[in-house]
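Okay, thanks for squeezing me in. I'll put the structure up and then walk you through it.

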Amino acid sequence: MKKQILIVEDERVSAEDIKMSLQRLGYSASGMAVSGEEAIRKAEEMRPDLVLMDIVLKGEMDGIEAASAISSRLDIPVVYLTAYADKKMLERAKVTEPFGYILKPFEDKELRSILEIALYKHRMERKLKKTQQELIQSEKLAALGRFSSGIAHEIKNPLGIILGGSEFLEMKLSKVDSEVKTAINKIKESTFRANTIVQDLLKFSRPSALKTERINPNDLIRETLSLFKYRIPLIEIKIKTHFAREKMYLEVDKNQMQQVFFNLLMNAIEAMPKGGAITIKTYKMAPSESSLADKLCVIEVADTGEGISPKDLQRIFEPFFTTKRERKGTGLGLSMTKMIVNSHKGDLAIESKPGKGTTAKIVLPFH
Ligand SMILES: Nc1ncnc2c1ncn2[C@@H]1O[C@H](COP(=O)(O)OP(=O)(O)OP(=O)(O)O)[C@@H](O)[C@H]1O
Ligand SMILES: [Mg+2]
């Protein structure tokens, strides 16, 4: 697809010239702005791949101020295009970390190389930021793992005592008074619930070593679904599958991957209290230039449920983030799922449209 460029230039003739150069070079000059304010507004609306910005503009705001707002708020790279370049201006421009600087008049060749370098540099920076965030996230998870395993162990013993004590009381007292019996049952139920959380925490904090085997993703899903049938009442929830025809073999830990699908299916079901459909797809995808894998297998689990708000979507992979307080979610499902997929050198992404549904997409390398 052609790269979209927004031109910010307050002189018409100049703007038309730039537009023609861009078109000759195979870019799409998809918008023009004549002032800093308009540049910010159009960048926000159009989300171009790059902004070509004149520095001296009519109006309140000059190009440097507009560029600073665009690059910090919208993460869109800016290249300055200007006829003036005194030292003071260069100093000011530098602070906004532009991806390039072109002096007018310019030649097509020069414009192309500066734009290509800027686009490439921006792509790499984004990738680096993503890797950094993943690293921070995984360190946070590791620290949290150590912390939760400590707490889980501490809580296990008192829970055992509470359970033992309530069973003893039940034996002694429940025949006497049915209200006591109800109270004791509530204590036991809550203790079991706390125990499940402790077990989850321990599982989360001690991810076991991978015991991998060669397995076809379609078979893996079929098997998980057959296990699933007995656990959940699937009333009014339709499960559809679209399996890839070509043979793919993954090298994965079957138990752990079943846990992954189990968590995703549970989330899908919990998002559709009034029923709906789950569609599971598997397909082969060509790897991107930067990927080390030979081939990639994609597995999608899509539901037609309530969806996730953009605000929540930023937090769903955080351990203990849950919106299911009343339904007693622990909020470990997705963070555990992501950790397992990552430990298989794969990636998990979740897209959602509130009110329409959610799609979880797993990408795993296969050979
Ligand atoms: N398919 C989905 N549809 C709508 N919301 C979802 C979906 N999957 C996840 N979420 C949102 O993400 C949150 C975190 O999910 P996660 O699986 O980590 O925890 P949980 O389901 O709340 O609890 P647990 O999985 O530990 O029982 C959920 O509380 C929910 O708000
Ligand atoms: Mg869950």
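**Starting from one loop residue**

Let me begin at a small spot. Lys 345 is exposed, with a relative accessible area of 71%. That counts as exposed because the cut-off is over 50%. Where does Lys 345 lie? It lies in the loop between helix H10, residues 333–343, and strand S11, residues 347–353. Now look at the backbone there: phi of Lys 345 is positive, about 60°, although the residue is not a glycine.

There's another one like that, Glu 97. Its phi is near 50°, again a positive value in a residue other than glycine. Glu 97 is found in the loop between H4 and S5, and it is exposed too, with a relative accessible area of 62%.

While we're on backbone angles, the peptide bond from Lys 104 to Pro 105 is cis, with omega near -5°. Pro 105 is in the loop between S5 and helix H5, which covers 108–173.

Okay, zooming out. This is a predicted model, so how does the confidence look? The protein averages a pLDDT of 88, and 95% of the residues score at least 70. Confidence is highest in strand S1, residues 4–8, at a mean of 96. It is lowest in helix H4, residues 87–95, at a mean of 83. So keep H4 in mind: the loop with Glu 97 runs between H4 and S5.

On the overall layout, the secondary structure comes to 10 helices and 12 strands. The radius of gyration is 28 Å, well over the 21 Å that the globule rule gives for 367 residues, so the protein is more spread out than a compact globule. If you'd rather think in boxes, the C-alpha atoms fill one of roughly 95 × 50 × 40 Å along the principal axes.

The protein is divided into domain 1 (4–106), domain 2 (130–205) and domain 3 (212–366). How far apart are the C-alpha centres of domain 1 and domain 3? They lie 42 Å apart.

Two more whole-protein numbers. Of the 367 residues, 42% count as buried. And among contacts between residues at least 6 apart in sequence, 69% join residues at least 24 apart.

Now the sheet. Five strands form an open sheet with parallel pairing, and the order is S2-S1-S3-S4-S5. The edge strands are S2 (28–33) and S5 (100–103), and each of them pairs on one side only. From one strand to the next, the twist averages 20°. S1 and S2 pair in the parallel sense over five bridges. For a concrete example, Gln 4 has Ser 28 in S2 as its bridge partner.

Last stop, helix H2, residues 36–46. Which residues of H2 are buried? Gly 36, Glu 38, Ala 39, Ile 40 and Ala 43 are. General reminder: an α-helix has 3.6 residues a turn, so residues three or four places apart point the same way. With that in mind, have a look at Gly 36, Ile 40 and Ala 43, which are among the buried ones.

And what do the buried residues of H2 pack against? They pack against S1, S2, strand S3 (50–53) and helix H3 (63–74). Right after H2 comes Arg 47, whose phi is positive, near 45°.

That's my tour. Happy to spin the model around if anyone wants another look.

Technical notes: Residues numbered from 1 in each chain as written. Chains lettered and ligands numbered in written order. Predicted model: local features only at pLDDT ≥ 70, side-chain atom pairs only at ≥ 80, totals over all residues. Heavy atoms only, no water. pLDDT = per-residue confidence, 0-100. Helix = DSSP H or I, 4+ residues; strand = E, 2+ residues; numbered from the N terminus. Pairing = 2+ DSSP bridges. Axes fitted to C-alpha atoms, helices over the stretch in contact; angles between N-to-C directions. Buried < 20%, exposed > 50% of the residue type's maximum accessible area, 1.4 Å probe, protein only. Contact = heavy atoms within 4.5 Å. Domains from an automatic or database assignment. Rg over C-alpha atoms; globule rule 2.2 N^0.38 Å.
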